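Let's take a friendly walk through this structure, stopping at a handful of places that are worth opening in your viewer. Have the sequence at hand as well, and follow along residue by residue.

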Amino acid sequence: MPIRPDPGTIGSVPTLPELADEHDALHGDYERLFFEGRWWSSLELSHQAKRFAGGLVRLGVEPGERVLVMLTNGPEVGTVYQGAWRAGAAVTPVLFLLQPHEVARVVRQAEPSVIVAGQEFLPAVRAALDGSPPPRAVVTMGPAGEGEVAFDDVRAADPLERPVPVGEDDLAALLFTGGTTGESKGVMLSHGNIAFDARQAAAAAEVRDGEVALTALPLAHSYGILVAAIGLFVRGRGVLHRWFEPLGFLRAVTEHRVNRVAVVPTMLQYLLQAPLEDHDLSSLRYVASGAAALPQEVAREWERRTGSRVLEGYGCTEAMSAVSVTRPSDPSRPGSVGRPIDGCRVRIVDDGGKGVGAGEPGEICVRGPNVMLGYWRQPDATEAAMAGGWLHTGDIGRLDGDGFLYVVERKKDLIIRGGINVYPRDVEEVLAEHPSVAMAGVVGRPDELMGEEVVAFVVRRGGAEATEADLLAFAAERLSKPKRPKEVRFVPQLPLTPVGKVNRRELRDEV
């Protein structure tokens, strides 16, 4: 049966561990998650989370403390998330693409009491902890080294049957957007933020019991967390991939008779290059696309070749990923990202903060129970973002007369490469470390496959002879893959604003 929309308030939504217990009581035991060759049952997954929660409590984790998680996709991610929430803690997911110095910045800001990391990420974690206050424990997925604890030992604790009491306004997740420097901020999301957004997104997307969903979205991203949380509201089955691989993705749709998939636009573009017609995709009904702008030609070609419908949505981490959703029952409106989820209000304002008329562009502002608690330890930034009680997204859009939202322009400086946010300052600061670089300005240029690619404009120091290849290699050693420049352009000087900042608008005009 479908989820019934409930536009109520945050107070009408249980906390995440309460929702998990309600799900178990309502639906009992069934095949819930398929991952790398085996099905995990719903009660098996719940029992693992309860035992991990007991292990965290045994380690001394207190309510409100942060558990930093650096894992690739797998059932263990859900075990850690649900276990942390059950123990009263919050999770701080870290994308495994980050480099050691980037991880170090997250560690310094979040001050986690426990770090859970895959074996392959332990060198980055150990480097990040150099010079930082040590956490209570570093939990590893493989053999534990000195000062570390094995994941299986934590999970061997007595199960925590009753969750540590928390409220819907308590911190559940601390997500660092776009990196860890400059404009990057820690977004504080409560239990109510996540539960409300997941429930209303599920209702809008008309998710039903018995459906099979597939995703390869990183569970360290707000979009991936949202997709996972929707599973708390239905008796559905999920197929999870460790990461995205087009042919494996298509084979899974065929093998498991998948009804829904959640993707970013770049995934669709890769899939369109694969032999779609060699796979039986007749079970697939809906493709949810988010995190970046979807070229309409991509959507049209996908629907023409597969017969499934693309449902584009819009959101941001500060509003727990989903602000608007294209409903399956909505008429086709090319270019639209749907209507706001129930209980979430969207308004478009001009530069003076005054509302504009239907069809007129302006800044997208959001109000609702899915809007963040604020930015971690940044009250001034929180106040600026929440001016007048509305979340100011910095995105430019318009609402038509029927309430459908259209995103006209992304945030002024943000680069979205393959669905991953890249902040120019992160890249500029690394380039500035090169002895031949006097100044650097970074912008995105449109790219058919990745959405955008990173382009760096560089002013050499006097007498320096660094080449493009030199700087690309330098950046590759210090930046995670999504942040690495695709090209470097040498210029005699960078355009500056009156206050001396790099004028990225002029640089964007160049590309």
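Our starting point is glycine 290, which sits in the loop that runs between strand E13 (286-289) and helix H11 (296-306). Please keep in mind that this is a predicted model. Is glycine 290 buried or exposed? Its relative accessibility is 6%, and because buried means under 20%, glycine 290 counts as buried. Which residues does glycine 290 touch, once neighbours within four places in sequence are left aside? The contacts are Tyr223, Val263, Val264, Pro265 and Gly313. You can also pick out valine 337: it is 47 residues away from glycine 290 in sequence, while the two C-alpha atoms are 8.8 Å apart in space.

Some of those contact positions lead us on to helix H9 (246-256). The buried residues of H9 are Pro246, Gly248, Phe249, Leu250, Ala252, Val253 and His256. As background, an α-helix has 3.6 residues a turn, so residues three or four places apart point the same way. What covers the buried residues of H9? The cover includes strand E1 (31-35), strand E2 (38-41), strand E10 (212-215), strand E11, strand E12 (260-263) and helix H10 (265-272). Both ends of H9 deserve a look too. At the N-terminal end, glutamate 245 acts as a cap, with a side-chain oxygen 3.2 Å from the backbone nitrogen of leucine 247. After H9 comes arginine 257, whose phi is positive, near 50°.

That positive phi is a good cue for a short detour. Most residues other than glycine have a negative phi. Glutamate 36 is not a glycine, yet its phi is positive, at about 45°. Glutamate 36 belongs to the loop between E1 and E2, and with a relative accessible area of 52% it is exposed. Glutamate 111 is not a glycine either, and it has a positive phi of about 50°. You will find glutamate 111 in the loop between H4 and strand E5 (114-117), where it is partly exposed, with a relative accessible area of 46%.

Next come the aromatic rings. A pair of aromatic rings is described by the distance of the centres and the angle of the planes. How many aromatic pairs are there? With ring centres required to lie within 6.5 Å, the count comes to six aromatic pairs. One of them joins phenylalanine 96 and tryptophan 243, whose centres are 6.3 Å apart and whose planes make an angle of 55°. Why is this pair called tilted? Planes under 30 degrees apart count as stacked and those over 60 as edge-to-face, so the angle of 55° makes the pair tilted. The two partners are 147 residues apart and link distant parts of the chain: phenylalanine 96 is in the loop between strand E4 (90-93) and helix H4 (100-110), while tryptophan 243 is in the loop between strand E11 (237-240) and H9. Phenylalanine 96 is partly exposed, at 27% relative accessibility, and tryptophan 243 is also partly exposed, at 47%. Together, Phe96, Phe121 and Trp243 form one aromatic cluster.

Rings also meet charges here. The charged end of arginine 347 sits over the ring of tryptophan 390, 5.2 Å from its centre. In another place, the charged end of arginine 460 sits over the ring of phenylalanine 490, with 3.7 Å to the centre.

Two polar side chains are worth finding inside helices. Glutamate 102 lies in helix H4 and is buried, at 2% relative accessibility. Its side chain reaches the backbone nitrogen of glutamine 99 at 2.6 Å, and a polar contact of 2.8 Å joins the side chains of glutamate 102 and lysine 483. Glutamine 200, in helix H7 (residues 191-204), is buried at 2% relative accessibility. The side chain of glutamine 200 reaches the backbone oxygen of aspartate 342 at 3.0 Å.

We finish with a pair of packed helices. Helix H1 (residues 16-27) and helix H3 (residues 75-86) pack at an angle of about 115°, and their axes are 8 Å apart. That angle makes H1 roughly perpendicular to H3. Where they meet, Leu16, Pro17, Ala20 and Asp21 in H1 face Gln82, Trp85 and Arg86 in H3 as contact partners.

Conventions: Residues numbered from 1 in each chain as written. Predicted model: local features only at pLDDT ≥ 70, side-chain atom pairs only at ≥ 80, totals over all residues. Heavy atoms only, no water. Helix = DSSP H or I, 4+ residues; strand = E, 2+ residues; numbered from the N terminus. Buried < 20%, exposed > 50% of the residue type's maximum accessible area, 1.4 Å probe, protein only. Lys NZ or Arg CZ within 6 Å of the ring centre and 35° of its normal. Polar contact = N/O pair within 3.5 Å; in protein donor to acceptor, adjacent residues only side chain to side chain. Axes fitted to C-alpha atoms, helices over the stretch in contact; angles between N-to-C directions. Parallel < 35°, antiparallel > 145°, perpendicular 65-115°, else oblique. Contact = heavy atoms within 4.5 Å.
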